[in-house]
Amino acid sequence: MFEWSCSCWSRIIADWKRGLPLPECPKPFLLPATLPAWPPGTGFAKGSICLGEIEVAQVSTFEKLWSCCDGGQYDQGSTFYKPTNLPAGFFSLGHIVHPNCKPLQRWVLVAKETVKYKHSSNALEAPTAPLLFSRDSERTCKTGQGPALAKPLNYTLVWSSESWPGSQDEYGYIWLPYAPEGYRALGFVFTNTPGKPSVEEVRCVRADLTETCETSDVIWSTDTTSPKFPFSAWDMRPTERGMLAQGVCVGTCYCNNSLNADNTLPVFCLKNVNFDLSAMPNLDQVHALVNHYGPTVFFHPDEVYLPSSVSWFFENGALICKTDTQTTEPIASDGSNLPKGGSNDGKYWLDLPDDGRADEVKRGNLESAEVYVHVKPMLGGTFTDIAMWVFCPFNGPVTAKVGIFDLPLGRIGQHVSDWEHFTLRISNFTGELWKIYFSQHSGGEWVSASDLEYMEGNKAIVYSSKSGHASFPHPGDFLQGDSKRGVGIRNDAAQSKNSLDTSKKYQIVAAEYMQSLASHDIPSEPCWLQYMREWGPTIVYNSQAEIRKILKFLPSKLRHAVEEILDRMPYELGGEEGPTGPKEKDNWEGDERD
């Protein structure tokens, strides 16, 4: 297996800039181990997915069209590609861009019609008059009329590199397809010659089979080389995302002759019109995915507050507290006496035992710990998200970093119960892991499979930060705050002898979509998952007052910087109220925060 190092590529770029030959394009990324044969099922990992009138396949082989070695991340440029080796009968929907500083881990969807229409091959003629750059997003059609796919009528030149002073192997040209009335473009087309592309190069899609999209991360821009010739390329994703959303990411990019993205884009994503989820994995396949990809979670060598199973927490004296009666009672080991449903109305909360075992319970029990798995469709059922929730009976205090100084903040950050998670995103076309989301308090980050560390085979490593249990892809001292000024909350992550192998120690607690598959073996949700109130008491001390006691000893400039950071701390990190359970989080039904 070829493993490509970003630092190695950086040296090649530097050598080229000293006069050596132009470097090769980024090498394709492959997972460390080959994929297994997945258990039998309906449509998972079959290579293509039906979205209604359109069938789509995922292509990961590309032909280079244009490359540059300036601008973008680390000022190393990008390479522009077109998909190749399309399955018979499928058409391209657009081209892709990939930064030179990373291994090539990209895919793009190609499409063909599943419903045949009788229509004239000459029905959509290219106009003879010149076309202006148009954002075409307001054009409409009579829903459901005409073929699902259509050739573009023409192309509009969005940007060319002819006048751009950056280092490049040849000139590149960026084109926006001009869709027929009632159709929409789903991507841009790139060439290395000034002539317009052929209308056979891509297909546009009927408007009612598409949804709006938005930009996410910048792939490449010219901002570091010359602001006189602005251009940027962005990743795109559906505007509405979640396990009930129908938008399907195409894998193409948005291009603009500006350094800023527009609010309304001239290109769109696909739509799973019937919301057919037959490409989602069945229960046997989910178990196989967890067994194959389940990460190993490492806890910090100095971690005091380790995870446990929820049942261990209950069995060791955890209490349910009631506001109306001012009483407490032990929680049944399966959580069956917890109030179910409703919302977080403040009438109930959980607490540590009051019989002298509180300090012991705070430290958790790693031997009993397991992850609680929620499986859900994402991006219109073309991907599977496997969210793995980790429970810790206690969240430890935080430490602030101010320049070279570390300031323990006493009880600040402490609260009973802590729920953290990380999420594996897997392609339903192939069963391949594409990226992992690392939850970090009130936010988090997606990390591509090519940027992960692996423990064994295709099992990645997750590092849990000391005391706060935030997830990180690599060891290190991560600052939540202002990294430029070196002011914020420390998140220290490192390997130790304390670890949790999630490929073996897990429980599937929810997979709502399996009801639509008419499955007879649907995971049953544990009682405690239906508990929607707080898993810890409201902290009675004034966290802000305690912080101010520490801040008064700092120089004024640093004091103001720390105040700004602490004012943005989430309530749970500030220790002011207990956390809620997994089902109360936005990402239970929605996409992850980034």
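Strand β34 (residues 476-482) and strand β35 (residues 487-493) pair in the antiparallel sense through seven bridges. Strands here are DSSP runs of E with at least two residues, helices are runs of H or I with at least four residues, and both are numbered from the N terminus. Two strands count as paired if DSSP finds at least two bridges between them. Within this pair, Q480 stands opposite I489 in β35. The hairpin of β34 and β35 has four residues between the strands, and G486 takes a positive phi near 70° there.

This is a predicted model, in which local features need pLDDT of at least 70 and side-chain atom pairs count only at pLDDT 80 or more, while totals for chains, interfaces and linings use all residues. Residues are numbered from 1 along each chain as its sequence is written, and side-chain values use heavy atoms, with hydrogens and water left out.

**The chain as a whole**

The secondary structure comes to seven helices and 37 strands. Of the 594 residues of the chain, 54% count as buried; buried means under 20% relative accessible area, exposed over 50%, and partly exposed in between, with a 1.4 Å probe and protein chains only. The accessible surface of the chain is about 25000 Å², and carbon and sulfur atoms hold 49% of that surface. These areas come from the Shrake-Rupley method with a 1.4 Å probe; for residues, only the protein chains shown count as cover. A contact means heavy atoms within 4.5 Å. Among contacts in the chain with a separation of 6 or more, 71% are between residues 24 or more positions apart.

**Two open sheets**

The table lists two sheets of three strands. Twist is taken between axes, which are lines fitted to C-alpha atoms (for helices over the stretch in contact), with angles from 0 to 180 degrees between N-to-C directions.

| Strand order | Pairing | Edge strands | Average twist from one strand to the next |
|---|---|---|---|
| β3-β4-β6 | antiparallel | β3 (62-67), β6 (96-99) | 35° |
| β22-β21-β23 | antiparallel | β22 (327-330), β23 (348-351) | 30° |

In the sheet β3-β4-β6, five bridges join β3 to strand β4 (residues 78-83). One residue of β4, T79, is the bridge partner of S67.

In the sheet β22-β21-β23, the edge strands β22 and β23 each have a single partner strand, so one side of each is left without a neighbour in the sheet. Four bridges join strand β21 (residues 319-322) to β23, and L319 stands opposite D351 in β23.

**Aromatic rings**

Rings of Phe, Tyr and Trp (its six-membered ring) pair if their centres lie within 6.5 Å; planes under 30 degrees apart count as stacked, over 60 as edge-to-face and the rest as tilted. By this rule there are 34 aromatic pairs. W107 and W434 form an edge-to-face pair, 6.4 Å centre to centre with 65° between the planes. W107 lies in the loop between β6 and β7 (108-113) and W434 in strand β29 (residues 433-440), so the pair ties together parts that are 327 residues apart in sequence. W107 is buried, with a relative accessible area of 12%, and W434 is buried as well, at 8%.

One aromatic cluster consists of F313, F314, Y372, W389, F391, W419, W528, Y531 and W535.

Charges also sit over rings, which here requires NZ of Lys or CZ of Arg within 6 Å of the ring centre and within 35 degrees of the ring normal. K362 lies over the face of F394, at 4.6 Å from the ring centre. K435 lies over the face of W446, at 4.9 Å from the ring centre.
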